[in-house]
Amino acid sequence: MLPVSRVLAFGAWLVAQSEATPSAPTISIFLKPPGVIPPGGSSTICCICQCSYGSLVLYKGSLRLHALEHSGSRAEFSISNATFEDRGTYHCHYLEGGTVLARSDELEVSVEELHLPRPALSVLPGHEVLAGVDVMFRCTTTPPSTGCYLYLEGQIRAQLFSREQGDYNLSHVQKGASGRYSCQCYNMSTSIEWSAVSNTLDLVVRDYTLCNAVRLALAAGLLLLLGLIAAEAALCWGWRSRARPRHRCDK
């Protein structure tokens, strides 16, 4: 049987090898806060890159705008005093030595006049839920609107509310559904009229099953380690009992 020290050293080597293996960088892009921006308003384009070094460059269509300063894995570009010229499709590139290694999805930025009243966003059964339950978001407007979008901060895609029921359902939510939500509504007439963005609310999903699984895994690992130590001690004792008194047990 291998000594426990060798088993632990081999495990540490495997971890180091997995961390040393390079992976392709990925970039996500989103607007914070999300939604249609009114003229004169402000928002921030955020790029999140799982990368080590290099530069993040922001493009509007095919036009290169800025090499973004990034702190850690995050870079930001502020839109202040927005005008209709800020409308368009934005995306981020990650470069190392002038070579593009990754591109984000496209982010559509809209700047429009906001004519409709601000809707109110609510959530059932509450702001804090257990993993696996069903959650319903409701975006209430006065007067009724043609449709509403549900935004989750950090996500590029918006979800469309049901026109018939005026709500959006998430079935069997998991921890990934946690975050800051808001909604925005519109009316279709001769043109599209937008509302302001609603109040924000934070949804917290508690996954106690995952916590318990982690605890069980840690307990199993500890028991395995204790078993290895006990087995090694027993084997060493057996060698000592068969050996001459002057001999030592070599590990």
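**Exercise 1.** Determine which residue forms a salt bridge with Asp167, and establish how the two residues are placed in the chain and how accessible each one is.

*Solution.* Asp167 pairs with Arg138 in a salt bridge, and 3.1 Å separates their closest N and O atoms. The model examined here and in the exercises below is a predicted one. Next, the two partners are located: Asp167 belongs to strand S16 (residues 167-170) and Arg138 to strand S13 (residues 135-140). The pair thereby links distant parts of the chain, 29 residues apart. For the accessibility step, buried means under 20% relative accessible area. Asp167 has a relative accessible area of 5%, so Asp167 is buried. Arg138, with a relative accessible area of 34%, is partly exposed.

**Exercise 2.** Identify the strands joined by the salt bridge between Asp202 and Arg180, and classify both residues by accessibility.

*Solution.* The contact is taken up at the start: the closest N and O atoms of Asp202 and Arg180 are 2.8 Å apart. Asp202 lies in strand S19, while Arg180 lies in strand S17 (residues 179-188), so this salt bridge ties together parts 22 residues apart in sequence. The class then follows from the relative accessibility, which is 36% for Asp202 and 38% for Arg180. Asp202 therefore counts as partly exposed, and Arg180 likewise counts as partly exposed.

**Exercise 3.** State how many salt bridges the structure holds, and analyse the one between Arg206 and Glu128.

*Solution.* The structure holds five salt bridges. In one of them, the side chains of Arg206 and Glu128 meet at 3.0 Å, N to O. Arg206 is in strand S19 (residues 201-206) and Glu128 in strand S12 (residues 128-130), so that distant parts of the chain, 78 residues apart, are linked. As to accessibility, Arg206 has a value of 36% and therefore counts as partly exposed.

**Exercise 4.** Find the number of cavities of 30 Å³ or more, and describe the volume and lining of the largest cavity.

*Solution.* The count comes to one cavity of 30 Å³ or more. The volume of the largest cavity is about 50 Å³. Its lining consists of Leu116, Pro117, Thr141, Thr142, Pro143, Ser145, Cys185, Asn187 and Ser195. Sorting by class requires one convention: Leu, Cys and Pro are among the residues that count as nonpolar. The lining of the largest cavity then divides into four nonpolar and five polar residues, with no charged residues.

Technical notes:
Residues numbered from 1 in each chain as written. Predicted model: local features only at pLDDT ≥ 70, side-chain atom pairs only at ≥ 80, totals over all residues. Heavy atoms only, no water. Salt bridge = Lys/Arg side-chain N within 4 Å of Asp/Glu carboxyl O. Helix = DSSP H or I, 4+ residues; strand = E, 2+ residues; numbered from the N terminus. Buried < 20%, exposed > 50% of the residue type's maximum accessible area, 1.4 Å probe, protein only. 1 Å grid on protein atoms, 1.4 Å probe; cavity = no way out; pocket = protein on both sides within 12 Å on 5 of 7 lines; lining within 4 Å. Points joined across faces, edges and corners; volume = space filled by probe spheres on them.
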